Amino acid sequence: MTVQPSHLVIGGGVIGLCTAYFLGKAGQRVTVIDRDPSGDTGCSQRNAGMVVPSHFTPLAAPGVVGQGLKWMLDRRSPFALRPGLNRSLWSWCWQFYRHANRRHALNSRELLRDLSLESRTLFEELAEELGFTFVRRGLLMLCESAAGLHEETEVAAEARSLGLEAEVCAPERLRELDPEVDLRVLGGVWFPRDAHLDPTAFLDALRRGILRQGGNIRSGKVMDFRKSGDSVVCALTAEGEELSAERFTLAAGIWSAPLARRLGLNLPMQAGKGYSFTLPQPTQQPELCYLLKEGRVAITPMGDKLRVAGTMEIGGSEGVINRRRLEGIITSFCRCFPAFKPGDFTGLEPWSGLRPCSPDGLPYIGRVRNLSNVVIAGGHAMLGLSLAPVTARLVVGLHAGAANVPRLDPARFGKTG
Ligand SMILES: Cc1cc2nc3c(=O)[nH]c(=O)nc-3n(C[C@H](O)[C@H](O)[C@H](O)COP(=O)(O)OP(=O)(O)OC[C@H]3O[C@@H](n4cnc5c(N)ncnc54)[C@H](O)[C@@H]3O)c2cc1C
């Protein structure tokens, strides 16, 4: 069977759905195809739901490699590298190492700030249009150690130099900001412009919005493409379908890398596996979202529930749950939020997601060179939700003829061999 949408978006995670919604608003007839349209197999469904202009430092940042090496010796730490005989992993690590320096961080911070701030504004508009709850109370970065607080105080100063609000807080101020929770920390930094939402509610709202626009969301696994001249003419599915379209957006998360290879594009990407738990009846319910500096754990209130998320396992694979990492998340959380006990997590099903991580910590958003009608949108690592609306806006512009932003160009690591 041959279907003819004008625009085929491959991947129904937060990037694909947001892009489809924005394309729909721009008058395009859109079909989203996902191997599992429920979204359960992707990374977007049960993440920490944070919208974070405070995250202007890319994943590849100074000090990250040294800290990562130390963490690798601790099986409960928030970071792991799954080594193997995988050439692409080692090549990714080498690129990551080359970018994890101050110069790259300084060169990236204005770009990330601008993308995040625009995305936040778009979230406000989307919340009005689509009717999901967007909580604008800020984020508290909590520090247990003097060294951690010192580092975050420097980040706060850097944030202010970039025009972002950031307040260094003693424990009394933390209590004022969120009186309902007990915290056992040395202090923290409040980023009042950060926000949070329930990602499942956001994705559902996007799906409803796309359907209301007359778009289509369907199941199918794209395996390859057929090209003619400088265009892709159809996507070929594992189910034997040929899906024709005038334009294509590839937004299949970590799985975009093998599909990009079919288009002649080298898209270095590694999975950064993370986990989350959702406490259905939390002992205390914070009003803000939190990050634990030392434990790298994210805590987000979602209605009556509380989500606790963390861990970055580079090279992690689908379906495998690492119990020690889960223990690490729970221990860090209970240490800083003493009203909670590890027993609160007994019987809760952990969720895991594979963050699509580029080696320079910047997303891939741009047209594929030599192909006039394909745009790539992915590689957002831990910022995929936060940057989804601005990504969608950029994709619409790229399909309308805007030039690639060089720092985000999917071809910045070269073509396939
Ligand atoms: C624990 C955790 C917490 C996080 N917290 C935050 C946060 O607070 N804020 C934030 O901004 N980000 C956060 N992130 C990161 C964020 O979740 C990701 O960056 C984002 O979900 C990536 O979205 P995506 O659409 O690119 O990929 P995905 O959500 O993985 O979507 C890709 C989709 O493509 C589909 N697909 C794959 N292959 C094919 C194929 N061949 N054909 C058709 N469909 C296919 C998949 O089924 C999937 O639905 C977190 C991640 C984790 C793991």
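A residue is counted as near the ligand if one of its heavy atoms lies within 4 Å of it. In this predicted model, 38 residues surround the ligand, and of these Asp34, Ser44, Val222, Ala381 and Ser386 come nearest. By class, that shell is made up of 20 nonpolar, 14 polar and four charged residues.

Several elements of secondary structure contribute to the shell: helix H1 (14-25), strand S3 (30-34), strand S15 (270-279) and strand S19 (351-357) each supply at least two of its residues. Strand S19 gives the most, with four residues.

The polar contacts of the ligand can be followed atom by atom. An oxygen atom of the ligand lies 2.6 Å from an N or O atom in the side chain of Asp34, and an oxygen atom of the ligand lies 3.2 Å from an N or O atom in the side chain of Thr41. At Ala381 the partner is a polar backbone atom, which is 2.6 Å from an oxygen atom of the ligand. Taken alone the ligand exposes 1000 Å², and the protein buries 97% of that area.

Ala381 deserves a second look for its backbone. The residue is found in the loop between strand S21 (374-378) and helix H10 (388-399), and its phi is near 50°, a positive value in a residue other than glycine. Most residues other than glycine have a negative phi. Ala381 has a relative accessible area of 8%, and because buried means under 20%, it counts as buried. Arg296, which is not a glycine either, also has a positive phi, of about 50°, and is found in the loop between strand S16 (289-292) and strand S17 (297-302). With a relative accessible area of 39%, Arg296 is partly exposed.

Strand S15, one of the elements that supply the shell, also holds Gln270, which counts as buried at 7% relative accessibility. Leaving aside residues up to four places away in sequence, Gln270 touches a set of residues that includes Ser88, Leu89, Trp92, Ile254, Ile314 and Gly315, as well as Arg355, Pro356 and Cys357. Its partner Ile254 has its place in the loop between strand S14 (247-250) and helix H8 (256-262), and at 13% relative accessibility Ile254 counts as buried. With the same exclusion of residues up to four places away, Ile254 touches Met269, Gln270, Ala271, Leu354 and Pro356. The C-alpha atoms of Ile254 and Arg355 are separated by 6.9 Å, although these two residues are 101 residues apart along the chain.

Arg160 offers another setting to examine. Arg160 is found in helix H5 (residues 146-161) and is partly exposed, with a relative accessible area of 43%. Not counting residues up to four places away in sequence, Arg160 touches Ala166 and Glu167. The C-alpha atoms of Arg160 and Arg113, which are 47 residues apart along the chain, are separated by 12 Å.

The cysteines remain to be considered, and the structure holds zero disulfides. A disulfide requires a pair of cysteine sulfur atoms within 2.5 Å. The sulfur of Cys43 is 8.3 Å from the closest cysteine sulfur, which belongs to Cys357, and is therefore too far away for a bond. For Cys334 the closest cysteine sulfur is that of Cys336, at 9.7 Å, so this distance is also too far for a bond. Cys334 counts as buried, at 10% relative accessibility.

Definitions and conventions
Residues numbered from 1 in each chain as written. Predicted model: local features only at pLDDT ≥ 70, side-chain atom pairs only at ≥ 80, totals over all residues. Heavy atoms only, no water. Polar contact = N/O pair within 3.5 Å; in protein donor to acceptor, adjacent residues only side chain to side chain. Areas by Shrake-Rupley, 256 points an atom, 1.4 Å probe, with all protein chains shown as cover. Nonpolar A, V, L, I, M, F, W, Y, C, P; charged D, E, K, R; others polar. Buried < 20%, exposed > 50% of the residue type's maximum accessible area, 1.4 Å probe, protein only. Contact = heavy atoms within 4.5 Å.
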